[in-house]
Amino acid sequence: MISKIISEEKTNIIEEVNLASKKEAGDTIQKLDKTATMYTYASTEKGNVKVKLKLSDEKIKKIQEICQLFNNEAGELINVLHQTQHALGYLPAEVQEVIAHSLNVSTAHVYGVVTFYSYFTMIPKGRFPISICTGTACYVRGAEKVLEEFKRQLGIVVGETSADGKFSLSCLRCVGACGLAPVVLVGEKVYGRVSPDGVKAIIEAYKDK
Ligand code: FES
């Protein structure tokens, strides 16, 4: 089970996994990030295994190409981050380092921007990302209770990914379907008028996929 996924600029540790063996940790991380090719490990005081991903050459090239699309201009950092997250799914410390180098800005600056905007994530999303709309209409019609039920059923909080890499949980602002409030998205699929009682059926629909 993944106990915690963290990103620490200073230590460059991007994943902390509560597993006994390195192999188990590597396998778990690979489920979350299939393109990662190498890991380095260190034991923590608590006996956990810390994992640092090494980006594949292909991934580095992709990030550099995105930076070049924006002429490697520091002022385009947000656009670069958007495109990179779209291409890779998330923005761990290693990805931020490549962007910082290409745009000639500090990694601390990139990290500051990534952590400032809730849209950006340093955690790999699940295969079926679940997003609960917490815009006004959905909130008024009980989105909070729906969210609580997803958290309870999946055993994760907002921003986390389930240990099997299948589901991740996030919140969104109005998705423009207020007539269907409360609204839940699983990937691109929209579920309307979701009640806490309907949460189990939504999860079940993806369990065997
Ligand atoms: S507030 Fe949820 S769709 Fe508009």
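Me: A helix here is a DSSP run (H or I) of at least four residues, and helices are numbered from the N terminus. Which residue follows H4, and what is the sign of its phi?

Reply: In this predicted model, Asn104 comes after H4, and its phi is positive, near 60°.

Me: How many helices and strands does the protein chain have?

Reply: There are eight helices and seven strands in the protein chain.

Me: What makes Cys178 buried, exposed or partly exposed?

Reply: Cys178 has 17 other C-beta atoms within 10 Å. A buried residue needs 20 or more, and an exposed one has 12 or fewer. The value falls in between, so Cys178 is partly exposed.

Me: Where is Cys178 found, and how far is its C-alpha atom from that of Arg141?

Reply: Cys178 sits in the loop between E5 and strand E6 (184-186). Its C-alpha atom and that of Arg141 are separated by 10.0 Å, with the two positions 37 residues apart along the chain counted as their separation.

Me: Which residues of H4 are buried, and what covers them?

Reply: In H4 (residues 93-103), the buried residues are Ala93, Val95, Gln96, Val98, Ile99 and Leu103. Their cover includes helix H2 (57-69), H3 and H5. Across the protein chain of 209 residues, buried residues make up 32%.

Me: Why is H3 called roughly perpendicular to H5?

Reply: The axes of H3 (residues 77-88) and H5 (residues 107-116) cross at roughly 65° and come within 11 Å. Angles from 65 to 115 degrees count as roughly perpendicular, so H3 gets that label relative to H5. The crossing of H3 past H5 is right-handed.

Me: What is the contact of H3 with H5 made of, by class?

Reply: H3 brings Leu77, Ile78 and Leu81, while H5 brings Val110, Val113 and Val114. Val and Leu, like Ile, count as nonpolar. The tally is therefore six nonpolar, no polar and no charged residues.

Me: Why is H7 called oblique to H8?

Reply: H7 packs against H8 (residues 199-207) at an angle of about 50°, and their axes are 10 Å apart. That angle is not under 35 degrees, not over 145 and not in the range 65 to 115, so H7 is oblique to H8. The handedness of this crossing is right-handed.

Me: Which residues make the contact of H7 with H8, and how do they divide by class?

Reply: From H7 come Val146, Glu149, Phe150, Gln153 and Leu154; from H8 come Val199, Lys200 and Ile203. By class there are five nonpolar, one polar and two charged residues. Glu and Lys count as charged, and Gln falls among the polar, because Gln is in neither of the other two groups.

Me: How many residues has the largest nonpolar core, and which have the most contacts inside it?

Reply: The largest nonpolar core has 17 residues, and Ile132, Ala143, Val146, Phe150, Val183 and Val184 have the most contacts inside it. At least two of its residues come from each of strand E4 (128-133), H7 (143-154) and strand E5 (167-172). H7 gives the largest share, five residues.

Me: Which residues does Ala143 touch, leaving out those up to four places away in sequence?

Reply: Ala143 touches Ile132, Cys133, Thr134, Cys138 and Pro182 on that basis. A second core, separate and of 16 residues, has Leu55, Val80, Val98 and Val110 among its members.

Terms used. Residues are numbered from 1 along each chain as its sequence is written. This is a predicted model: local features need pLDDT of at least 70, side-chain atom pairs count only at pLDDT 80 or more; totals for chains, interfaces and linings use all residues. A nonpolar core is a set of buried Ala, Val, Leu, Ile, Met, Phe, Trp, Tyr and Cys residues joined through C-beta atoms within 7 Å. Two residues are in contact if their C-beta atoms, placed from the backbone, lie within 7 Å. Axes are lines fitted to C-alpha atoms, for helices over the stretch in contact, and angles run from 0 to 180 degrees between N-to-C directions. A crossing is left-handed if the near helix is turned anticlockwise from the far one by less than a right angle, and right-handed if clockwise.
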